[in-house]
Amino acid sequence: MRLIAVSLALVCCPLVTSAHHASNVGYDWDNITELEGEITAVIWRNPHVRIDLSSVGEDGERELWELESAGINIVQRLGVGSDDINVGDRVRVAGAPNRRGETKMFIANALLPDGREVLLRASAERRWTSSSADLSVISAEQAAEAERLATGIFRVWSWSITPQTTVSLTEEAQLARDSWDQERDDTALRCIQQGMPGVMFSPFPIEFIDRGDEIVLRVEEWDAVRPINMSERENSVAQPSTPLGYSVGRWEGRTLVVETTRVDWPHFDSIGTPQTDAVEIMERFTLSADEQTLGYDVTVTDPTIFTAPAEISGGQYVWVPGEAIKPYNCAL
């Protein structure tokens, strides 16, 4: 097969509990490789853009490669549109090969026929070119309108610093996680909206909307909508259980504290850590004094699963004026 091994470690910063990015687990990011060939098919969709590439192997035989990249929303924000990648194009790509030795690759870079290099993964860096072209897809008018409307926490936020997760599992929970199989058990691969708390850990923006006694938290991935009750606390036990649970919020100065219970979702994260219906999730969204960043910390309590509360800390969102929540529309 015509793979060119390159001694380069790609700096990767996925969210540790990110759901759909668990597919990266099946690829060897410590062995970035290059591949050349002709595009035979393009499937432009979420959760991952799919490209079929015909290449000639070392034995002279033609091979069909299945390539995937980040989803539409991410590559669009990197300045790549569906018109940039076309059937019949001869391209060079770089990415992580499949760990099972299959003709599959998760690509981060592509060199197009016109000499342009495009990035297809949020953490990718340029490999063959040094272009500093402005990839922004936000107009000055969009940015100005966003600045006019933004009030406190109520705006669209994008990830800038990914949080770190610290967990200590019970023996039973560890056994359950060890038995988890991505291809069999990962519901994200079947375009099923994820539940709390994992739905919050993706590279896509979120948005807070003020509805008075209720705050609506929109999560771009999965087109998820989380209502947060800000009025007098109701009896949460009487609320129906759902994958996103029942959330109650309160203000502590510049921090929005959200407590979520009644979660009917089997997994804490994207690598098979289980959770029970007794799980309690406390999120803290802390607005900076200049209102440019939003800190994010989470404590998750579930005694059957964790020997001590799980801590997800140090996350930070940044305000990018004009950024908007895009439709996700995951499709198989």
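## Close-up views of a predicted model

**View 1. Strands E15 and E16 form an antiparallel pair in this predicted model.** Strand E15, made of residues 280-287, and strand E16, made of residues 293-301, pair in the antiparallel sense over eight bridges. The two strands form a hairpin with five residues between them, and in this turn Glu291 has a positive phi of about 60 degrees. Within the pairing, Thr286 stands opposite Gly295 in E16. The two faces of E15 are set apart by their cover: Ile281, Glu283, Phe285 and Leu287 make up the covered face, while Glu280, Met282, Arg284 and Thr286 make up the uncovered one.

**View 2. Strand E14 pairs with E13 and with E15.** On one side, strand E13, which spans residues 246-252, and E14 pair in the antiparallel sense over seven bridges. The hairpin of E13 and E14 has two residues between the strands, and Gly253 there takes a positive phi near 65 degrees; the bridge partner of Glu252 is Thr255 in E14. With E15, strand E14 again pairs in the antiparallel sense, over six bridges, and the bridge partners in E15 include Ile281 for Thr260 and Met282 for Glu259. Of the seven residues of E14, which covers residues 255-261, five are buried, so this strand is largely enclosed by the rest of the structure.

**View 3. Thr255 in strand E14 has a side-chain polar contact with Thr286.** The relative accessibility of Thr255 is 7%, and this residue counts as buried because the value is under 20%. The side chains of Thr255 and Thr286 are joined by a polar contact of 2.9 Å, and Thr286 is itself listed on the uncovered face of E15. When residues up to four places away in sequence are not counted, Thr255 touches Arg250, Arg284, Phe285 and Thr286.

**View 4. The largest nonpolar core of the model has 75 residues.** The residues with the most contacts inside this core are Leu67, Trp157, Met200, Ile206, Phe208 and Phe285. Strand E6, residues 104-111, gives the most to the core, with five residues. In soluble globular proteins, nonpolar side chains tend to be buried together. Phe285, one of the core residues named above, belongs to the covered face of E15. Leaving aside neighbours within four places in sequence, Trp157 is in contact with a set of residues that includes Pro205, Ile206, Phe208, Leu287, Leu294, Tyr317, Val318 and Trp319; the contacts of Trp157 also include Glu291, the residue with a positive phi in the turn between E15 and E16.

**View 5. Ser158 is placed in strand E8 and is buried.** Strand E8 runs over residues 156-161, and the relative accessible area of Ser158 is 11%, so the residue falls under the 20% limit for a buried position. Apart from residues up to four places away in sequence, Ser158 touches Pro205, Gln316, Tyr317, Val318, Val320 and Glu323. Among these, Pro205, Tyr317 and Val318 are also in contact with Trp157.

**View 6. Ser139 lies in a loop and is partly exposed.** This loop is the one between strand E7, residues 117-119, and helix H2, residues 140-149. Ser139 has a relative accessible area of 28%, and it counts as partly exposed because this value lies between 20% and 50%. The C-alpha atoms of Ser139 and Pro321 are separated by 9.7 Å, although the two residues are 182 residues apart along the chain.

**View 7. A disulfide joins Cys191 to Cys330.** One disulfide is found in a search of the whole structure, with an S to S distance of 2.0 Å. The torsion about the S-S bond is about -65 degrees, so the disulfide is left-handed. Cys191 lies in the loop between helix H4 (182-185) and strand E10 (206-210), and Cys330 in the segment after strand E17 (310-319), so the pair ties together parts that are 139 residues apart in sequence.

**View 8. The protein chain as a whole has four helices and 17 strands.** Of its 332 residues, 49% count as buried, and the accessible surface comes to about 15,400 Å², of which 50% belongs to carbon and sulfur atoms. Among contacts with a separation of 6 or more, 62% are accounted for by residues 24 or more positions apart.

Conventions: Residues numbered from 1 in each chain as written. Predicted model: local features only at pLDDT ≥ 70, side-chain atom pairs only at ≥ 80, totals over all residues. Heavy atoms only, no water. Buried < 20%, exposed > 50% of the residue type's maximum accessible area, 1.4 Å probe, protein only. Contact = heavy atoms within 4.5 Å. Pairing = 2+ DSSP bridges. Core = buried A, V, L, I, M, F, W, Y, C linked by side-chain atoms within 4.5 Å. Disulfide = S-S within 2.5 Å. Areas by Shrake-Rupley, 256 points an atom, 1.4 Å probe, with all protein chains shown as cover. Polar contact = N/O pair within 3.5 Å; in protein donor to acceptor, adjacent residues only side chain to side chain.
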